[in-house]
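Work through the exercises below with the sequence and the 3D view side by side. Try each task before you read its solution.

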Amino acid sequence: MKQPLFIIVAIDGGAAAGKSSTARVLSERFNLMHADTGSYFRALTAEMLRRGVSPGDLPAVRAALADMKLATRIASRSALIEIGGRLIGSEIRSPEVNAAVSHFAAIPELRSVLLEYERGQAAVARERGFRGLVMDGRDIGTVIFPDADFRFFLHADPAERARRREKEGERDAVAERDRIDSSRKTAPLACPAGATSIDSTHMTLQQVIERMASSLAEALGQT
Ligand code: CDP
Ligand code: CDP
């Protein structure tokens, strides 16, 4: 197989399915820039909450979006989002953000701002000399990069995923977020056609990583 010069890897799945942990390891192993798009939706949500904007108030959401200047800061291989020159810190994982993020993520105007930003990250990764981009989220293989070179869909029992989040010390209604994310009209959570679907309920993180890494290594002629 002819080696592509620059690869795009899309990883989608429900809450706590293991997307960011696997993406992080793949980014190190294959020198890819890692974009955790869930953290972008969370950062925008934290900023909306800081400004006192509720997801039901569309005019206020639109005004806030128009006022948010987005940029990217690279830390090691992670592409972090800056809003108005500022990185949003640990508050992106607060119970308030956990509860509000899916409601903001269902707003088409907010999604279209992030769609443009996320597509632009392929150019950022190229400029910075990465071999490619690994992006994880809910709509990466379906909407953002439907032509990605590799598309994975991770899933696991909701009870197992809630247990994983609890182990991380987080209070998070993963099943409720999945319900909202899967039923929204714009870019719902769904397995992209032709994606490699992996059920990790009974797999360790390492096993999931090896399964994904072996597909990449095989296609890239790297063992
Ligand atoms: O870490 P976890 O899987 O729990 O969630 P996340 O990846 O941080 O994403 C937080 C929320 O952002 C999701 O529940 C979705 O509502 C939204 N999201 C989205 O709509 N589209 C994406 N590509 C990524 C996240
Ligand atoms: O990004 P996403 O919300 O999909 O999940 P994550 O933050 O990568 O993973 C959530 C937690 O589940 C982490 O603590 C992982 O180490 C853990 N995990 C696991 O125990 N077994 C797996 N097969 C996958 C993830």
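**Exercise 1. Are tyrosine 40 and tyrosine 117 buried or exposed?**

Start with the ground rules. This is a predicted model, in which local features need pLDDT of at least 70, side-chain atom pairs count only at pLDDT 80 or more, and totals for chains, interfaces and linings use all residues. Residues are numbered from 1 along each chain as its sequence is written, chains are lettered from A and ligands numbered from 1 in the order in which they are written, and side-chain values use heavy atoms, without hydrogens and water.

Step 1. Set the cut-offs: buried means under 20% relative accessible area, exposed over 50%, and partly exposed in between (1.4 Å probe, protein chains only).

Step 2. Apply them. Tyrosine 40 and tyrosine 117 are both buried.

**Exercise 2. Describe the aromatic pair that tyrosine 40 and tyrosine 117 form.**

Step 1. A pair of aromatic rings is described by the distance of the centres and the angle of the planes.

Step 2. Recall the rule. Rings of Phe, Tyr and Trp (its six-membered ring) pair if their centres lie within 6.5 Å; planes under 30 degrees apart are stacked, over 60 edge-to-face, and the rest tilted.

Step 3. Count. The rule gives one aromatic pair.

Step 4. Classify. The centres of tyrosine 40 and tyrosine 117 are 5.4 Å apart with 90° between the planes, an edge-to-face pair.

Step 5. Place the rings. Tyrosine 40 is in helix α2 and tyrosine 117 in helix α5 (residues 108-119), so the pair ties together parts 77 residues apart in sequence. Helices (H or I, at least four residues) and strands (E, at least two) are DSSP runs, numbered from the N terminus.

**Exercise 3. Describe the surroundings of ligand 1.**

Step 1. Find the shell. A residue belongs if one of its heavy atoms lies within 4 Å. There are 21 residues around ligand 1, and Arg42, Arg111, Arg165, Arg177 and Asp181 come nearest.

Step 2. Sort them. The shell holds six nonpolar, five polar and 10 charged residues. Here Ala, Val, Leu, Ile, Met, Phe, Trp, Tyr, Cys and Pro are nonpolar, Asp, Glu, Lys and Arg charged, and the others, Gly among them, polar.

Step 3. Trace the elements. α2 (37-50), α4 (95-105) and α9 (174-183) each give at least two residues. The largest share, four residues, is from α2.

Step 4. Check side-chain N or O atoms. That of threonine 37 is 3.0 Å from a nitrogen atom of ligand 1. For aspartate 139, the distance to a nitrogen atom of ligand 1 is 2.9 Å.

Step 5. Find the cover. Ligand 1 alone exposes 530 Å², and the protein buries 99% of that. Such areas come from the Shrake-Rupley method with a 1.4 Å probe; for residues, only the protein chains shown count as cover.

**Exercise 4. Which residues are closest to ligand 2?**

Step 1. The shell has 15 residues, the closest being Gly18, Lys19, Ser20, Ser21 and Glu168.

Step 2. Look at the oxygen atoms of the ligand. A polar side-chain atom of serine 21 is 2.4 Å from one oxygen atom of ligand 2. For glutamate 168, a polar side-chain atom lies 2.8 Å from an oxygen atom of ligand 2.

Step 3. Taken alone, ligand 2 exposes 540 Å², of which the protein buries 81%.

Step 4. α1 supplies the largest share of this shell, three residues.

**Exercise 5. Where is alanine 16 found?**

Step 1. Alanine 16 is in the loop between β1 (7-13) and α1.

Step 2. Its phi is positive, about 60°, although alanine 16 is not a glycine.

Terms used:
A polar contact is a pair of N or O atoms within 3.5 Å; within protein, one must be able to donate a hydrogen and the other to accept it, and residues adjacent in sequence count only if both atoms are side-chain atoms.
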